[in-house]
Amino acid sequence: MEEPRKELEKQELPRFEFMKEQIKERPLNKKKLLRRTVMTVSMAVLFGLVACLTVLVLEPVFNNWLYPEEPAENITFPPDTEEILPEDMALDDAELEQETTAEVVAPAPEQLDELELYRKTYGRLQKLTAEVCRSLVTVTGVTSDRDWFDNMYESKGQATGVLIANNGREYLVLTAAEPVQTVETISVTFCDNSQAKAEVKMTDPTTGLAVLAIENKEIGDGTRDVITTAVLGSSNYASLTGSPVIALGSPAGVKGSVIYGVATSSGNLLNTVDSRYRLITTDIYGSHSGSGVLINLQGQVIGVIDQGYNADGMENMISALGISELKTTIERLSNGKAQAYMGIYGTDVTPEANENLQVPYGAYVTEIEMDSPAMQAGIQSGDVIISLNGRMVENFDEYIKVLSESTPGSTIYVTLMRMNQEAYQSVSFPVALGELK
């Protein structure tokens, strides 16, 4: 048994080796890798853009859903109120006693001398102006530019504005349009020297006025407690001439200036296309570039200072556009409504013309603008408009009111009286209204 075993040991046994394989890496395809990288980056950018657009579109929706904003109210102004009479300014005994300070013991009313009366009167005027100044603001339009040496600088235009209303979402400011046209930013400075950004809501090319909007959230709570909106009074009454008035804002060309005076005239009517305005002149000597408002002794705004209509030699005398005639324009600007345009200049038919010349009452057409809707429809100078869309028109003010309620681009049906063979005959025209620009 041992020999066969030794024989087996002597025999060589077969050896087993494991197969070794080497994995060779696939050659790198640079074009394919670049294509995949570009595609990945493009998809990431596209995803980012879609996400941004989705946020921008849906964010206001969710905000309005979670935090709904109050809708803006339609702005309207109450009708004209009665003016204060000169005798209402007289100081009675009770008022004098109430205004006496603890430090100074006033004499009996019957012993009050003229100097004390003078002091008391101007003390009341000072309190009145201080109250109204809470509704005044300084409007600043800022534009960036470069000088000859390529240095950046800012040019600023300023004007006084007046807070006229709050529509629930915005404070509205009436001001001159020139300083805020073609500017980059508009800032409004309130009576407490705080500031807020503003945007132009609408401008009026005829009067050169603009209404600015300041979002309520832009104004601090402390400022809201201080500021107030102005009360618009009346400029359409016979006793305005000779009445005391106060110019506020920057009538002297200096911010915050106050000048007392008297209205010297209020019967001048400025005829403009499809409208007219009353010009109030005063004996107040101010700046030819002054701005602001005129108020009466009740603290009501009766005019917006405008030096552009002054006669030669009177450039520095403060004048203003009457607020009664401006109210329709201010309402339209405050509500962001475009002005319908027909293109006529007109006036009222006087009782003398009606009685002696048999001219019917209505809006008398004195002039037609070239290529205006009125001219294209066939309306002529000398016609008397008596009806617009079935509404009776007895004077030019009623024509202005109906037209202001119309929409640019709509058709209005005009009925007028035209002289034909020594007698007035009724004629009707459809007029396609344009937009005043």
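Helices (DSSP runs of H or I, at least four residues) and strands (E, at least two) are numbered from the N terminus. The structure is a predicted model, in which local features need pLDDT of at least 70 and side-chain atom pairs count only at pLDDT 80 or more, while totals for chains, interfaces and linings use all residues. Residues are numbered from 1 along each chain as its sequence is written, and side-chain values use heavy atoms, with hydrogens and water left out.

The interior was examined on a 1 Å grid over the protein atoms alone, a cavity being a set of points where a 1.4 Å probe fits but cannot get out, and lining residues being those with an atom within 4 Å of a point. Grid points are joined across faces, edges and corners, and a volume is the space filled by probe spheres set on the points. Two cavities of 30 Å³ or more result from this rule. The largest cavity holds about 130 Å³ of space. Its lining comprises 15 residues, with Asp274, Ser275, Tyr277, Thr329 and Gln339 nearest the centre. At least two lining residues come from each of strand 10 (275-285), helix 6 (323-334) and helix 9 (396-404). Helix 6 makes the greatest contribution to this lining, with four residues.

Helix 4 (residues 114-132) contains 19 residues, and its end C-alpha atoms are 27 Å apart, in agreement with the 27 Å that it should span at 1.5 Å a residue. The expected span is 1.5 Å times one less than the number of residues. Burial is assigned by relative accessible area (buried, under 20%; exposed, over 50%; partly exposed, in between; 1.4 Å probe, protein chains only). On this basis Glu116, Lys120, Leu125, Leu128, Thr129 and Val132 of helix 4 are buried.

Helix 4 also contributes to a nonpolar surface patch formed by Leu115, Tyr118, Tyr122, Val258 and Tyr260, which together have about 490 Å² of accessible area. Such patches consist of residues with over 30% relative accessible area and no salt bridge, nonpolar side chains (Val, Leu, Ile, Met, Phe, Trp, Tyr) being joined within 5 Å. Areas were computed by the Shrake-Rupley method with a 1.4 Å probe, and for residues only the protein chains shown count as cover. Helix 4 and strand 9 (257-272) each provide at least two patch residues, and helix 4 gives the most, with three. Tyrosine 260 belongs to strand 9 and is partly exposed, at 31% relative accessible area.

A total of 11 salt bridges (a side-chain nitrogen of Lys or Arg within 4 Å of a carboxyl oxygen of Asp or Glu) is present in the structure. In one of these, glutamate 116 pairs with arginine 119, the closest N and O atoms being 2.6 Å apart. Both residues lie in helix 4, three residues apart, about one turn of the helix. Glutamate 116 is buried at 16% relative accessibility, whereas arginine 119 is partly exposed at 45%.

Lysine 201 and glutamate 170 form another salt bridge (3.2 Å, N to O). Lysine 201 lies in strand 6 (residues 199-204) and glutamate 170 in strand 3 (residues 170-176), so the pair ties together parts 31 residues apart in sequence. A further salt bridge joins glutamate 405 and arginine 391 (2.6 Å, N to O). Glutamate 405 is in the loop between helix 9 and strand 19 (411-419) and arginine 391 in strand 18 (residues 391-392), so this pair ties together parts 14 residues apart in sequence. In addition, Arg276, Asp348 and Asp397 are linked in a network of salt bridges.

Terms used: Patch = residues over 30% accessible without salt bridge, like charges linked within 9 Å, V, L, I, M, F, W, Y side chains within 5 Å. 1 Å grid on protein atoms, 1.4 Å probe; cavity = no way out; pocket = protein on both sides within 12 Å on 5 of 7 lines; lining within 4 Å.
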